Amino acid sequence: YRLLREALAGATPLTTPFPPPPAEGAPAADRFAFALGRQLRRAAELVSVRQALGLRRQIFFCSLGGFDTHDAQMADQPQLLAGLSRALHAFHAATVELGVESDVTTFAASEFGRSLTSNGDGSDHGWGNHLFVLGGAVRGRRVFGAMPDLAAGSQDIAADGNLIPRIAADQYGATLGRWFGVPDSSLDLAFPNLPACDPRDLGFMA
């Protein structure tokens with residue numbers, strides 16, 4: 001902590017604006033944007049002092065709760081996504097300010113998705129999910145993988161309404177791992193199901 005304090009004290013302050021604390025009575029999106037944005041701001045600050053800390057690689061875990069929308073999904077999810085978008089926009093702008101946008105990759109992860117069937121006021125846990133990756137090294141503005149067929153009787157949807165995944169988490173992780181510098185020979189150790197996957201690399205990283 002002493003090393004971090006000293007490094008941060010000597011850093012040039014970021015000028016990129018991050019979402020401010022929400023005002024009383026503000027929309028929930030303001031609260032979500034601030035909750036995630038303050039974590040991402042600290043990550044950006046730590047990226048800015050990486051050389052002072054003697055670090056070649058850094059990994060940061062930031063979280064935003066509330067997506068387990070069993071109830072009030074139509075009301076809550078738009079606010080969550082709006083806050084998420086604002087926080088991520090600020091973080092990416094900060095990486096541009098620091099000149100490291102091609103060296104920083106932000107990616108989403110979740111242990112489950114949502115069912116495609118309603119429980120009356122929301123949705124329950126599901127198998128498949130859609131994830132996003134952000135950064136200057138990403139081959140962006142496109143969808144990797146095939147969009148599911150949502151028609152009745154589709155082979156992409158299980159009988160209970162669960163979306164059947166087309167891409168394994170191992171492929172997703174291995175693609176990010178290879179960009180991060182993990183040797184191909186070590187990817188099978190990190191992602192044990194990878195040998196059964198084709199392709200091993202999804203191609204979303206430049």
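Q: Why is the meeting of the Arg114 and Asp68 side chains called a salt bridge?
A: A salt bridge is a side-chain nitrogen of Lys or Arg within 4 Å of a carboxyl oxygen of Asp or Glu. In this predicted model, Arg114 and Asp68 meet at 2.8 Å, N to O, so the pair fits that rule. Local features here need pLDDT of at least 70 and side-chain atom pairs pLDDT 80 or more, while totals for chains, interfaces and linings use all residues. Residues are numbered from 1 along each chain as its sequence is written, and side-chain values use heavy atoms, with hydrogens and water left out.

Q: What makes this pair a tie between parts of the chain?
A: Arg114 lies in strand E2 (residues 113-118) and Asp68 in the loop between helix H3 (50-53) and H4, so the pair ties together parts that are 46 residues apart in sequence. Helices (H or I, at least four residues) and strands (E, at least two) are DSSP runs, numbered from the N terminus.

Q: Why is Arg114 called buried, and why is Asp68 called partly exposed?
A: Buried means under 20% relative accessible area, exposed over 50%, and partly exposed in between (1.4 Å probe, protein chains only). Arg114 has 17%, so it is buried. Asp68 has 40%, so it counts as partly exposed.

Q: How do you know that Arg86 and Asp30 form a salt bridge?
A: Their closest N and O atoms are 2.7 Å apart, and that satisfies the cut-off for a salt bridge. Arg86 lies in helix H4 (residues 73-98) and Asp30 in helix H2 (residues 28-48), so this pair ties together parts that are 56 residues apart in sequence. Arg86 itself counts as partly exposed, at 34% relative accessibility.

Q: Where do Arg2 and Glu6 lie, and what makes them a salt bridge?
A: Both lie in helix H1 (residues 2-9), 4 residues apart, about one turn of the helix. Their side chains meet at 3.3 Å, N to O, and the salt-bridge rule is met. Glu6 has a relative accessible area of 47%, so it is partly exposed.

Q: How many salt bridges does the rule give, and which residues are linked in a network?
A: The count comes to 10 salt bridges. Arg178, Asp184, Asp188, Arg200 and Asp201 are linked in a network of them.

Q: How many helices and strands does the protein chain have?
A: The chain has 6 helices and 4 strands, and along the sequence they follow the pattern α-α-α-α-β-β-β-β-α-α.
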